[in-house]
Amino acid sequence: MADPAAEEQGYQAGELCCECGQFHLLPDNHLYNFQDEVDDELICHICLQPLLQPMDTPCGHTYCFKCLENFMQEYNFCPMDRKKLSFQQCHKSSLLVRNLLDKLVVSCPFKAECQQTMQRCELEAHLQNRCPGFKKYKSELQRKKNPVSKGKEDPPVKVETNTPKDPDVPSAGSSLVAESSAAAVVSLGTAEPGLVNPAFEETEEDLPQRASLVAETSTIEIHREDPEEELGMRIVGGKDTPLGNIVVQEVLRDSLVAADGRIAPGDHILEVNGVNISSVTHCQAVSFLRHPGPVLHLMVLQEKGFSNKTAQQDSTSATNREVIHVTLVKRDRSEPLGIKLIRKTDEAGIFILDLLEGGLAAKNGKLSRNDRVLSINGQDLRQGTPETAAQIIQTSESRVNFVVLRQPGVQLLDPGEDGSTSNNSSSSSSNGGSPVHHRRRLDQNHYRRKSTYQKDLPQGYVTHEKTVAIKKEPKESLGITIGGGRDNKNKLPIYVTSVQPIGCLFRDGKIKRGDILLSINGIDLTHLNYYEAVSALKSNAASHSVVLKALEILASDSTDPSLDIKERGFSWSPLWITWLGLPSYLHCCQDIVLSKGNLESWGFSIVGGFEESKGNQPFFIKTIVPGTPAFRDRRLKCGDEIVAVNGVPAIGMSNSELIPMLKEQRNKVTLTVVSWPGSLV
């Protein structure tokens, strides 16, 4: 916790709090340095710190008075179970609970001058009457207010504010609570327990512009002509993972969900056909979402980004706007649409500047000048750039699905009248050519997970390495199909997608679908791309004898029937949760460097980390906030594992250790991540 004797000069927030001896905003809870780990039953599941002025809800949960009061100003449900709730229904916790909390042992925050420990309820009296550090602070503060001379002064007190929490509960949408109780709320605008946006550190400069993380719940109907058609999205999470909720990782191009345009990566799926899936396992969620039917009703929580005055004004006029879905069909991949796209200087997003006469869009007649592009083929462009939109259009096979927002009566300025029109780097065209400035090429620096980054298998997973030696006819096929490869987007190892009933491996019976292939006749397969692996398997299959080494991943819920659900229309691939059991030496890492301004948040939330009750858990990206550095970079995805920060391994760290490390990175941070493909539904 903060050490006021080691803090930076000129802290702008004023004097230390006389009750806890630390700097915090007036509406926020007091901050304490607890000596021992506090029982989870005494933790507030909004700020994830020991309770202050505890309040009980009718549904049996307990929160800090200030945390609950702030939360209930925006929402009418309990943060834990989302049951309907009003603040008037809540009451003070029992005297027994309050006494237990008051007796928690804390240390004096002035560690340099005072090493005393005491009960929490005794700290205020200690600071006022006995603490030499607080006495020194007050005398120095008094001397600054009434300087005797203009000569050289003693160095002022330095205060450190990189505490593992920000107890302020902002005006934000709250999603369902993750199972992990060790995650902490430290971000501006994060009201979700278990959700961390770990890079925003408040200063007085921020307060006039204080923004909230805006989220809203929507009900979406997906209609299918073929009741068994895939939705076309990948999901991660589940109550059996640190993520807790089910989160959309990716929307596939030209899919049913992409054509609808309302679901985007990062959305939390709360209900499927009226069934609450907030507390189901990953496999159960996959089963619900793959269930065939002509209509699918989804309730999703969607984060909209940080609000500000412009956004609030924009929302007041939203009633005059309409959302329009337009599908343009190209005769071939290279056919231009005839659309000029720009970015405005005063409003986020991409807008249609012009439709070229005779072009595909102009002939279609449904798009108009000044339409704001919300998504193309399911790719969220609410905070996107014209370059990104042009790339999506150019790589589309045939159907290009637009979702646009239209406000009648507003036209864009002609080129040259505004600094952000087609003459600058914000403009782009979908005519098949390159945008004025190419989108930054993604860093493809992938490498094997280092020994210092390696971890034990998560609880519930066991791996079994097996060696299969087969005598066969030279022309006899192995009879397997494979997937993965290090050229895959996620740099996967080679795995078995099917065992055909005609080959020698089916007859042997030891190799199964989902097995990771390690080597064949001594040739290492773990570093090969797909085509190299196919070539190695074919050439060695010509031998009279084959020795195949493989790895089987066994999960505690491997008997779940959803594991055997065929991905209709797609070749089979393992579920996302299966990859979590892959040994570290087979992982491929990627270093992602993010940069931001002084007043920005990194824009992602994390869950996981070490807990006494659960041991070491990986850190996962849970949410990526629109309009932030993490969102604009486009490489981080929900469900990615954070392996290291600036080269420091995250393995073994608790949430409260990793968060300050991320907050300390002011303008640049290097995240080492491992990414697994979400389960296809």
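Mentor: UniProt annotations may be inferred rather than shown by experiment. Keep that in mind here, as the model itself is predicted.

Trainee: Which residues does the UniProt annotation "domain: RING-type" cover?

Mentor: The annotation, from an unreviewed entry, spans residues 44–82. Within residues 44–82 the chain is 21% helix and 15% strand. The C-alpha atoms at the two ends of that range are 16 Å apart.

Trainee: How do strands of a sheet pair, and in what order do the three strands stand here?

Mentor: Strands of a sheet pair through backbone hydrogen bonds, either parallel or antiparallel. In this model the order is β3-β2-β4, the sheet is open and the pairing is antiparallel. β3 (62–64) and β4 (91–92) are the edge strands; each has a single partner strand, so one side of each lacks a neighbour in the sheet.

Trainee: How many bridges join β2 and β3?

Mentor: Strand β2, residues 54–56, pairs with β3 over three bridges. One bridge can be followed by residue: Asp56 has Thr62 in β3 as its partner. Helix α1 (residues 65–72) packs on this sheet and touches β2 and β3. The direction of α1 makes about 95° with that of β3.

Trainee: Turning to a single residue, is His126 buried or exposed?

Mentor: Buried means under 20% relative accessible area. His126 has 0% relative accessibility, so His126 counts as buried. His126 lies in helix α3, which runs over residues 123–129.

Trainee: Which residues does His126 touch, not counting residues up to four places away in sequence?

Mentor: With those left out, His126 touches Cys108, Cys114, Gln116, Met118 and Cys131.

How values were computed: Residues numbered from 1 in each chain as written. Predicted model: local features only at pLDDT ≥ 70, side-chain atom pairs only at ≥ 80, totals over all residues. Heavy atoms only, no water. Helix = DSSP H or I, 4+ residues; strand = E, 2+ residues; numbered from the N terminus. Buried < 20%, exposed > 50% of the residue type's maximum accessible area, 1.4 Å probe, protein only. Contact = heavy atoms within 4.5 Å. Pairing = 2+ DSSP bridges. Axes fitted to C-alpha atoms, helices over the stretch in contact; angles between N-to-C directions.
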